[in-house]
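Work through the following exercises with the sequence and the structure side by side. Try each task before reading its solution.

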Amino acid sequence: MSLEELCGLKAFLKTTNWSNSMRQISEHDFQEITSNFNNPYRLMAPVPGTPDLTNASLKIDHGTTALGFVYQGGIVLCADSRSSSGINVTTQTMDKIVPVSSQIVGTLAGGSADCTYWYRVLARESRLHELRYKRPMSVDAAAKMICHVSEMHRGTGLNMGMLLAGYSPKGPSLVYVDSDGVNISGKRFSVGSGASNALGILDPMYRFDLTDEEAFDLALQSLCQATLCDASTGGMVVLHHVGPAAHRIVRKVDCMELHKKYSLDARNFS
Amino acid sequence: METLLGIKGPDFVMLAADTTHARSIIVMKEDQNKIHKASDNLLISTTGESGDTEQFTEFISKNIALYKMRNGYDLSPRAAAHFTRKNLADYLRSRTPYQGLHVCRWVCFRIHQRYDETDGAELAFIDYLANAKSLNHAGHGYGAMFCSSIYDRYWHPNITQDEAYDIFKKCIVEIQKRLVVNLKNFNVSVVDKNGVRNLEPISAQSLTDYNASS
Amino acid sequence: MSDRYDRAVTIYSPDGHLLQVEYAQEAVRRGSTAVGLRTNDCIVVGVEKRSSNPLFDERSMRKISMLDNHVVMTFAGLTADARVLISRAQAEAQSYRLNFERPVTVEYITRFIAQMKQNYTQSNGRRPFGLSCLMGGFDGDGKPHLYQTEPSGIYYEWTGSSTGRAGTTAREYMEKHAGDTVDSMDEQTAVKHVVRTLMSGTEMSEPQLDVAVLRFNQPLRMVECQALDDHMRAIRGEIEAEVKTRLVPNKL
């Protein structure tokens, strides 16, 4: 009965005899018990003052590598597609780079349920922002929203790490936000369990004035290294480019292909 | 790990803060400014658990801005420090997950300062247990442990801005020599009767030149 | 018959009016005159300050206030209502900065105020704000905007507008005079134009008015009493001259 729980009906059903209750439910009651539908921020929000930590230690599937950097031609985001739960690989085809709006793209790491859900909320809010304020939501504002969500759900085991990338008239921006409420903007980030591996390649080879092809190559190479060294990173490697006008998927490569290409390069097998 | 330093002079206050932002073992950012300008003559530098400090600092500075907008004049330095302390104390004693679980353990060491025409310079030291104290020199974080002796040796009531900057250099040389963590770059800001100014950051490079000359 | 339809704010009269809202507009029409002007690089707002008592300290009457560093507001109507509205708008401006990391646009804060006013016309146990507000300010790109809101929750954008007791007279004056040159006015001319507009509606012997100028990225500047006095004297001279020239052809 997950839907009941999601929309808040479950608590109500526990205390009410359903057959009688339909007659007694007023419009107001109905709105109250389904309020999660209208206001996603209420979802699972802790009751003020008495945080429920019984589930806080639940094992959440995580383990991924995502990286992003700003260079002269825009922003590159790159992520793998493996989703794992404990020691099991759940899927090899998960989209971890998600478009939020026509301006913003993000990567997800951490609990994939949390991430997917809040990305959908973010997408909704950014569209509403466009309609309300007649201009696209900035990356900063999107990041701030996730920060507020993190703060609201402190201590409930929310687990996310996001890279948000986008363009504004002022130029490219890349922001890292996570469920601790951290919100930092920068030129070069990597998140997830394979982050340290990816950074080992990315840091020494990164320059701002990379050409498009060099930048794509660097991102793939860094991620390839992460798939080699990190057990929970793998599957398809997706490469996204965010330009001033639009964002697009540049490449989707099986990491096996990358292994063949780059390990030959690196170790001179031939 | 993060370190904040502050020195009060007769007509100015100078702050220094390292620029490293780390998540677990990874340095995420090397140019994070931790000295925030809250109004024309008020600086707040904060350190602690990164999400909370940022959230809290912004909350405080937006409220100080609101106060000015509503009343037409700034919050006095002591009032600003008190406002900050009160908020911290309230969070400390509340059971909201935000501060109850995280902040009261290790978050929000802060130095808080401003120059005011009537009150003169004020350097308020506020820690995570919501102690607030007006001090002549102060520091937060592991790095500050090496600095108290340097402050004691070189600080005097009529200290000039150049001398204060020099004390920071001495402190940072010591931090980089003795602290196990690498804090390579420090931002320095000063507030005096002309408002807020950012001074030349003190980095490993600038210290090499400094050591060579002395 | 209106006494049956003005008991609650949420009840229409048979001819489709909300009488409480119209009473609020009446409160505005009795309020002191406020004028706003937008040139292509500054905002000038002026408001009449009536005080009949010589013991009254005029500085305690503030009718021009800032909503944020870049938005100024003045109003006609109930001053006590205005205080509540201003306070809410100021908080919203800061909260917008917190959420979106950029200052509010003039249109946004106007819409916020208009929305709040509208809310008070559609729920029980409330009374509409007896206020008409003029909001002037700059967007992030440095473009000035001037907006006006009414008690009903309507809002408009203007190059120049006025409201309050002599609002209609003043607006007519503005339409007739320098309507098309407002954009290119310099600050001095704009201030003088605002002063003259205010004078067109009310008899004033001494400067019973507040005028303020807002420029992009600069703090609000209240025009000094002496300068206002000079403007008024010059304007009186002009009026006399105009009257004379108008009279001369008549005599001929």
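**Exercise 1.** Work out what span helix α9 (residues 212-229) of chain A should have, and compare that value with the separation of its end C-alpha atoms in this predicted model.

*Solution.* Begin with the length of the helix, which is 18 residues, and with the rise of 1.5 Å a residue. The expected span is 1.5 Å times one less than the number of residues, and for α9 of chain A this comes to 26 Å. The end C-alpha atoms are 26 Å apart in the model, so the expectation and the model agree. As a further step, look at the surroundings of the helix: the buried residues of α9(A) include A:A215, A:L218, A:A219, A:S222 and A:A226. In an α-helix there are 3.6 residues a turn, so residues three or four places apart point the same way.

**Exercise 2.** Describe how β3(C) and β4(C) are paired and joined, and state how far β3(C) is covered.

*Solution.* First take the pairing: β3 (64-68) of chain C runs antiparallel to strand β4 (residues 71-77) of chain C, with four bridges between them. Next, find a pair of residues that face each other across the strands, such as C:S65, which stands opposite C:M73 in β4(C). Then follow the chain from β3(C) to β4(C), where a hairpin makes the connection through two residues. Finally, judge the cover of β3(C), in which four of the five residues are buried, leaving the strand mostly covered.

**Exercise 3.** Which elements of chain C supply at least two residues each of the side that touches chain B, and what classes of residue does that side have?

*Solution.* Start from the contact itself, in which eight residues of chain C meet six residues of chain B. The elements of chain C that each supply at least two residues of this side are β3 and α3 (79-100), and α3(C) gives the largest share, with six residues. Sorted by class, the side of chain C that touches chain B has three nonpolar, three polar and two charged residues.

**Exercise 4.** Identify the residues that touch the most other members of the largest nonpolar core, and then locate a second core.

*Solution.* The largest core has 106 residues, and among those with the most contacts to other members are B:F168, C:V44, C:V71 and C:M73. Leaving aside residues up to four places away in sequence, B:F168 touches B:L5, B:A16, B:V188 and B:I202. A second, separate core of 62 residues includes A:V70, A:C115, A:V191 and A:L202.

Definitions and conventions. Residues numbered from 1 in each chain as written. Chains lettered and ligands numbered in written order. Predicted model: local features only at pLDDT ≥ 70, side-chain atom pairs only at ≥ 80, totals over all residues. Contact = placed C-beta atoms within 7 Å. Nonpolar A, V, L, I, M, F, W, Y, C, P; charged D, E, K, R; others polar. Buried ≥ 20, exposed ≤ 12 C-beta atoms within 10 Å, placed from the backbone. Pairing = 2+ DSSP bridges. Core = buried A, V, L, I, M, F, W, Y, C linked by C-beta atoms within 7 Å.
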